[in-house]
Each structure stands twice: as C-alpha cells, then as structure tokens.
Amino acid sequence: MGETIAMPHTRIRVLVAAVGVAIISMVGMPALAGPVDRGEVLSTSDLAPVASIPGADREYRVTYRSTDHNGAPTVSSGAIHVPAGPVPAGGWPVVSYAHGTVGVAQSCAPSLAGETAAEADYLARWLARGYAVVATDYVGLGTPGRLAYLDGVAAAHNVIDMVRASRSVVPDLSPKWVVAGLSQGGQASMLTARLATAYAPELDYRGAVAMGVPSNLDRLFPLAGPGIPDLGLVGLTKFMLFTMIGMRDARPELKVDQYLSPKGRELAALAEQMCTVPFGQHVVGVSVGDLFARPLGTDEMRGAMTEYLGIPTSGYDRPVFLGQGVGDLVVPIPLTLAFAGELAASGTDLTFRTYAGADHMGTPAASFEDSVPFVQRVMQ
C-alpha cells in the first residue's frame, strides 16, 4: 500500500490509501494582562449542547488570556471535552485541536456554534481512544476583536494557551499533548509545532497532526489582482477575502482597503456578519479578480504576506504527521507535495501520507487510523 522514501536526514513514509448565533458583548470582559498570564482562565461555563462532542463525559467553555502575532495580550475562547471512564495514570493525554475555516464573524466560534460535522466526528474518535480534546476558537471568534484569519503565529499561541487554560479547569489532564488541525487549523498546527516547546516549556509537547495544510499561500496570493481567475481552487474567493480582512486588522499600515474593489469592500463587510456556509452564497459567480482594484504584488504586500501566511519548512523539534487528500480541490496536492519535500530536505521527522479517495473535508476521517499509531508513538 505504501513506500518509504529515503531523503537527506529524514524519511518520508508515503502511503496512498484508497478510501472508498450567539452575540458577544464586551461588557464585563476582564482587562488584559501581560505574557506572564498566558493561558490564565477568565471564565468557565458548561458547554452548550450544540457544541457538544459525542462520547464526552464533561464539557466546558472557557475564555482565557493569550497573545497575538507580536506577543500583545489578547483574550481567546474554546471548548474542553473530557472522555468518560477512569482517569489514566498521569492524567488524560491531550489533543489540542485547531479547527478549519468557519468564517470571521464572532458567532461562528465552534464553542458556540459547534464544530463542522466532519470535525466533530474526528474529535469524537479521539475521545473514544481515551484522549481529552481541547479546542480553541482563535481570538476574534467567540471573543471581542477581529479574527486574524490564517495568521498562523497568532493561532498557534491560542492553541498552546488553550492547553494551559484547560489544565487549570481540569487538573486531571496530562501535560503530554499533541496538536491536530485541518485546513486553517492545519496551518495553525504547523506553527504550533514550531513554537510550542519554547512558548510553553512547562508543558510536554510531543508532536503534530496537520491535515489539508494551506502551504505556499504566501507565494500564491501575491499573484492576485484585478481580473485574475480562480485557478480552479474551490472556495478561493472566500478564503482570499477572509485573509484580506484579517490582514486589514493585523497590519493597518498596509491600507488593505486601497487594494480592494468596491465589490471587495462590500463583500468584506458582509463576511464580518455571517459564517462561511451562508456567506458562500454571496460569492457565487464572484472571482478573486473581482475583489481587487490593484495587484497585490507590491514589495510591501509580498513581505507582509510572507510574515502573515508563511509556514516555515525547518525548525521543528518534534515529529510531524502530514495528511493530504488526493481529491482535495481546496488545498490541491501539488502545493502539499512541494511543502512535504521542503520539510524532508530540512531534516524534519516527517510522516507524510496521502489518501486517494479523500477530498478536503474527508481527510480527517481518511487519515485517522494512520494518525493513531503516530500519536501513540510520540506520546510514549
């Protein structure tokens, strides 16, 4: 079913497997504090039934302190799902989950609206295997502020601080943890993998499971401008617009609105009010080129996108599992093949597997049985 490819300083194991509204108020939000308080819990409540994961015995929603891309204090939120049964020796091992794209409106937070069906099923599988699942919303979803969509560094901080916060709420969680994520969360997982050991040395980070990773977007997105087609990528108009909204807030000096066309500004305002599925109806027939009044290929914008969107291809101190659906038209496999090759060449301990029958949202289910032994190995 698969083959092992020897490459400098590492091995890539390649397997091709056939696989057949809540309203957020700023009133009463605690004041932000410094980095010493990263992961401090600000509030705890029972999780709403709509956000529950099958198989969980205890579930909570928390708000907690985190930091943005540059280390400035922020507040994030997320959900804690604890499996049933006796607590294992050393505590429940932890999967910190980074969700895929749900939109940029605050009410789209999975701890309020629930995970997508595919992701809820994926998390239920980890619970059934005896792992506690903790899942950040990312800053700006579920808490005041703006989601820095595809800012992998900011998302990584939220993922790591979610582990800290969860262990305060549920003391019987182990310090051993891995990160897992799909799509937007796949990017967050990669940045988490690179930053976790230094950002939270008191925890015991063991490895990453990253699926449908939107790599090389920092090379692709600067090609956008008036009249450019969608290149056959599903959802590209939405994702490009979400990215520009995030960059507009995170990098105000770029004056992002000057790059957007009147249509682009109109859709950006609409995107801030609804989640990705209903918003998708408003971009039917709208191409990426329709969003822009000027090209994005300026030196300033290219540099900003490299910093904001880029995923490093070296510097990973723990193993990485990279899963990719061959039928993925959101993150096409050629981008991931290039990314995997760069990771391998840098000496990353990489397990790379592809799934012939899986599209973007099908990758978590398709890759799960391969992820389990990987996680078991790194948790030992």
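A pocket, as I use the word here, is an open set of grid points with protein on both sides within 12 Å along at least five of seven lines. I kept that beside me while browsing this model, which is predicted.

**Entry 1: an open space**

I looked up the second largest pocket and found a volume of about 440 Å³. Its lining counts 22 residues, and those closest to the centre are Thr 101, Val 102, Thr 116, Thr 276 and Val 277. Which helix gives the largest share of this lining? I found that α8 does, with three residues. Helix α6 (236–250) and helix α8 (276–280) each bring at least two residues to the lining. I also sorted the lining of this pocket by class: 11 residues are nonpolar, eight are polar and three are charged.

**Entry 2: helix α6**

Having met α6 at the pocket, I turned to the helix itself. Its 15 residues should span 21 Å at 1.5 Å a residue, and the end C-alpha atoms are indeed 21 Å apart, so expectation and model agree. Is α6 largely enclosed or left open by the rest of the structure? I count it as largely enclosed, because 12 of its 15 residues are buried. Among the buried ones I noted Leu 236, Phe 239, Met 240 and Lys 238. I then checked what covers these buried residues, and the cover includes α7 (262–271), α8 and α9 (299–309).

**Entry 3: two closed spaces**

Next I went looking for cavities. Rolling a probe the size of a water molecule over the atoms shows where empty space is left. The largest cavity holds about 170 Å³ of space. Of its 18 lining residues, Pro 214, Leu 217, Phe 239, Val 330 and Val 331 are the closest to the centre. I was pleased to meet Phe 239 again, since it is on the list of buried α6 residues. How many charged residues are in the lining of the largest cavity? I found no charged residues there, but 13 nonpolar and five polar ones.

The second largest cavity has a volume of about 60 Å³. Leu 236 and Met 240 help line this cavity, and I also found Leu 220, Phe 221, Ile 228, Pro 229 and Val 288 among its lining residues. By class, the lining has 10 nonpolar residues, no polar ones and no charged ones.

**Entry 4: helix α3**

Last, I opened α3, which covers residues 152–169 and has 18 residues. From first C-alpha to last, α3 reaches 26 Å, close to the 26 Å expected at 1.5 Å a residue. I noted that α3 is mostly covered, with 15 of its 18 residues buried.

Conventions: Residues are numbered from 1 along each chain as its sequence is written. This is a predicted model: local features need pLDDT of at least 70, side-chain atom pairs count only at pLDDT 80 or more; totals for chains, interfaces and linings use all residues. Side-chain values use heavy atoms; hydrogens and water are left out. On a 1 Å grid over the protein atoms alone, a cavity is a set of points where a 1.4 Å probe fits but cannot get out, and a pocket is an open set with protein on both sides within 12 Å along at least five of seven lines; lining residues have an atom within 4 Å of a point. Grid points are joined across faces, edges and corners, and a volume is the space filled by probe spheres set on the points. Helices (H or I, at least four residues) and strands (E, at least two) are DSSP runs, numbered from the N terminus. Ala, Val, Leu, Ile, Met, Phe, Trp, Tyr, Cys and Pro count as nonpolar, Asp, Glu, Lys and Arg as charged, and the others, Gly among them, as polar. The expected span of a helix is 1.5 Å times one less than its number of residues. Buried means under 20% relative accessible area, exposed over 50%, partly exposed in between (1.4 Å probe, protein chains only). Contact means heavy atoms within 4.5 Å.
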